[in-house]
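Please find below a note on the structure, set out as numbered points for discussion at the bench.

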Amino acid sequence: MTGRLQHSLFRLGQWLLGHRSGPEGDIEPGLSVVGKDAGTRHVRLWIGTLVHGCDAETLEATVRVTGAVGDAQVTTTLLRFGFDSERAVTGWRASTRFFHGHVVVDHLTADAWGEATVELAPVAGLRPEHRRASCRVRTLPARIAVGSSLTALVASCYDADTDTTNALDAAFRHLRDHVAEPDLALLTGDQVYADAPAKFYATMARSTPRTYGLLEYWTSWGMQRYGEHRHLGMRALLGHGPHWFLPDDHEFWNNWPHASVTARHSYANIVRAGRGSLRRRLAAWRHRPGDEVPYPQDPGPPPSDPLVQSYHPPHPDEWDAWGRSAFDLYGSFQTPSVRDRDTGRITRGELDDDPAADPHRPPRHGPPGEVHRPLNQLVQRVDLDEVQIALLDTRTRRTRRTDDPRYSAFVDPGHLDQVLAIAAEAPILVLVAPQPMLVPPYRTRLRDRPLGARVERALDLQIADYPEQYARFWDGLVAARDGRPTVTVGGDIHSSYVGHAPSLPLLEVVSSPMSLVAGATLPDTLFAAPARLLRSLAGGSAQRDPYAAGEPLARIDDLRSRGVVGDAGDAGDAAVSLAGLGRGNPEGLGLLSLDRPEEHRFVLTAALHLRASLAAGHTDGVREVSVELRTDRRGPDAMSAPSVAPAR
């Protein structure tokens, strides 16, 4: 009976989605190729294909790169991604298969564009029109030379279910063709809403995490239909140049790693999740700061000790297939996993779940008596000589508890040290994270807005809610930069703005969302109205635009303090917003352009574009800020006073 019920729910979800032709029409066949990270002499490509009526275990692909970037050809093997145990619910045949792989093409020319074409060897079930696909590729310059420039697109938060008119596709094409052609893209999280909308989250996703996650990615990547309408999704953006990705919570579920997956589970699992949460709360209540928290002797199986679950990063298998499938699909579609980069073998999904078949299945490969090793890359680096771009994953290694000076953290201390080491040697640093960084710590927000701060923290934890490591991050960053120009990039918050901290000197650019999620998760849907009311009562963002020009963002002393300092009315040395796209969560895209007119002088222009304006074919609705960056100066003089262009 349970199996029939779950199958009926899955079919209901597909019917609501518009797929009413049966299981073989649930997901469309096709071939996609996307440029991932790149270097001066190489590009990395992701290849994914969905085939009906196929019994192969692998597919052979030939990749050829042509154009100014050079001429190179390689062959690679695509591996089958397993979700076989979910077929009893979905009704999908064993011959409906997804194959994927990453391939590096090297010995290319630096600082050049080209085209990568993928051709699949013929197999049964593979249609001729699905054997070839291509994308534009670009290698990076070794440095930004005098007289040249580099432009990065910055964006986050794309919900395919609210972009059925292909507005993002139209906006990006206009941006690329008539405003500026991005040299690379920095996508800072929530590139897919794997936990939305609620009507699918509570039907299709209940017992098919890998199948549903694949459907969400396949749609977001522009390979799927909504009924009779072709959904272009992010395809144009992803087909243009190299991309660097960071995860945030919706690649997993809202406010991950905290337990908000009840819509996917049976009632028995909801009860078990509640008991687990209560056990962790009681264990944390008895735990005294400074007391030891044990480390698992075997990093392979998920721990059952509530202290370990509370004060160490969440084990990828703790939620069974729910958490692991999110890691699997993120490591395929977005940033290649640690194992993929080390061994060249992409995840095989469910086919990798059996430790007997794969004795070194991560995190079993880690040493005993330590925290399990991360599955995904926590630090990524783009080396442009004087300009260093560092990307820090502050989501996937967060501890559930935020209050312990030793253990609570949003990332492993060693990886934070790695980023600070990059910061110490970079003349100009661009630091990219999933969330904004110019955010007052929770203790400060609690003093200034007691009710609103509690509501916001309950709905969505930020890195600013980890007081010890957040202060250590800011202390370390300020010391490492030593007055040299810094740019921080973030997303997540469904608002876009440019902020400025003149004393550091630092410019922050936040760009979010590309397509605003509607409904999000079931808890969000239920509690959205009360949350808005509470924020309004607390003087929060329901009454004003907290990112309007001139609004304070954070005091520098607060950022660097582990406690509350100063008076609520004392602005002191503060960061302020310079410009934003306004209230109402307008969709937008950001551009960071770095020009180098002289040896020690760069000009940075941060432009925020309204998606609606771009999609309509014009360029009004732009907020633009320019600053001059000096590599031969320290302190406030290393970054000029910002020039804010009039809104248009």
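1. The model is predicted. A convenient starting place is Val 509, which belongs to strand E18, residues 506-510. Its relative accessibility is 2%, and Val 509 therefore counts as buried, the cut-off being under 20%. Leaving aside residues up to four places away in sequence, Val 509 is in contact with Val 154, Thr 488, Val 489, Gly 490, Tyr 497, Leu 592, Ala 606 and Leu 608. Arg 143 is 366 residues from Val 509 along the chain, and the C-alpha atoms of the two are separated by 22 Å.

2. Strand E18 is part of an open sheet of eight strands with mixed pairing, in the order E13-E14-E15-E16-E18-E17-E20-E19. The edges are formed by strand E13 (379-384) and strand E19 (552-555); each has a single partner strand, so one side of each is left without a neighbour in the sheet. From one strand to the next the twist averages 20°.

3. At the E13 edge, E13 and strand E14 (residues 387-392) run antiparallel and are joined by six bridges. Within this pair, Leu 384 stands opposite Val 387 of E14. Two helices that pack on the sheet deserve mention. Helix H11 (residues 413-425) touches E13, E14 and strand E15 (428-432), and its direction makes about 15° with that of E13. Helix H14 (residues 467-481) touches E15, strand E16 (486-490) and E18, and its direction makes about 160° with that of E15.

4. The largest nonpolar core has 47 residues, and those touching the most other members are Phe 98, Leu 153, Leu 187, Trp 221, Phe 333 and Met 514. Helix H5 (residues 209-220) gives the most to this core, contributing five residues. Another core, of 36 residues, lies apart from it and includes Ala 390, Leu 392, Phe 410 and Leu 477.

5. Phe 333 merits separate attention. Not counting residues up to four places away in sequence, Phe 333 touches Lys 36, Trp 46, Phe 98, Leu 214, Tyr 217, Trp 218, Trp 221 and Phe 245. Phe 333 is also one of the buried residues of helix H9.

6. Helix H9 spans residues 321-333; its 13 residues reach 18 Å from the first C-alpha to the last, close to the 18 Å expected at 1.5 Å a residue. Because 12 of these 13 residues are buried, H9 is largely enclosed by the rest of the structure. Among the buried residues are the charged-type side chains Arg 324 and Asp 328, together with Trp 322, Phe 327 and Tyr 330.

7. How do H5 and H9 pack? Their axes are 9 Å apart and form an angle of about 35°, and H5 passes H9 in a right-handed crossing. On the H5 side the contact is made by Pro 209, Arg 210, Gly 213, Leu 214, Tyr 217 and Trp 218; H9 contributes residues including Ala 321, Trp 322, Asp 328 and Phe 333.

8. Strand E2 (residues 43-51) is mostly covered, with nine of its nine residues buried. Both faces are covered: one carries Val 43, Leu 45, Ile 47, Thr 49 and Val 51, and the other Arg 44, Trp 46, Gly 48 and Leu 50.

9. E2 pairs with strand E1 (residues 30-38) in the antiparallel sense over seven bridges, and the two form a hairpin with four residues between them. Val 33 stands opposite Ile 47 in E2. E2 also pairs with strand E5 (residues 97-105), antiparallel over nine bridges, where Leu 45 stands opposite Val 103 in E5.

Technical notes: Residues numbered from 1 in each chain as written. Predicted model: local features only at pLDDT ≥ 70, side-chain atom pairs only at ≥ 80, totals over all residues. Heavy atoms only, no water. Buried < 20%, exposed > 50% of the residue type's maximum accessible area, 1.4 Å probe, protein only. Contact = heavy atoms within 4.5 Å. Core = buried A, V, L, I, M, F, W, Y, C linked by side-chain atoms within 4.5 Å. Expected span 1.5 Å × (residues − 1). Pairing = 2+ DSSP bridges. Axes fitted to C-alpha atoms, helices over the stretch in contact; angles between N-to-C directions. Left-handed = near helix turned anticlockwise from the far one by under 90°.
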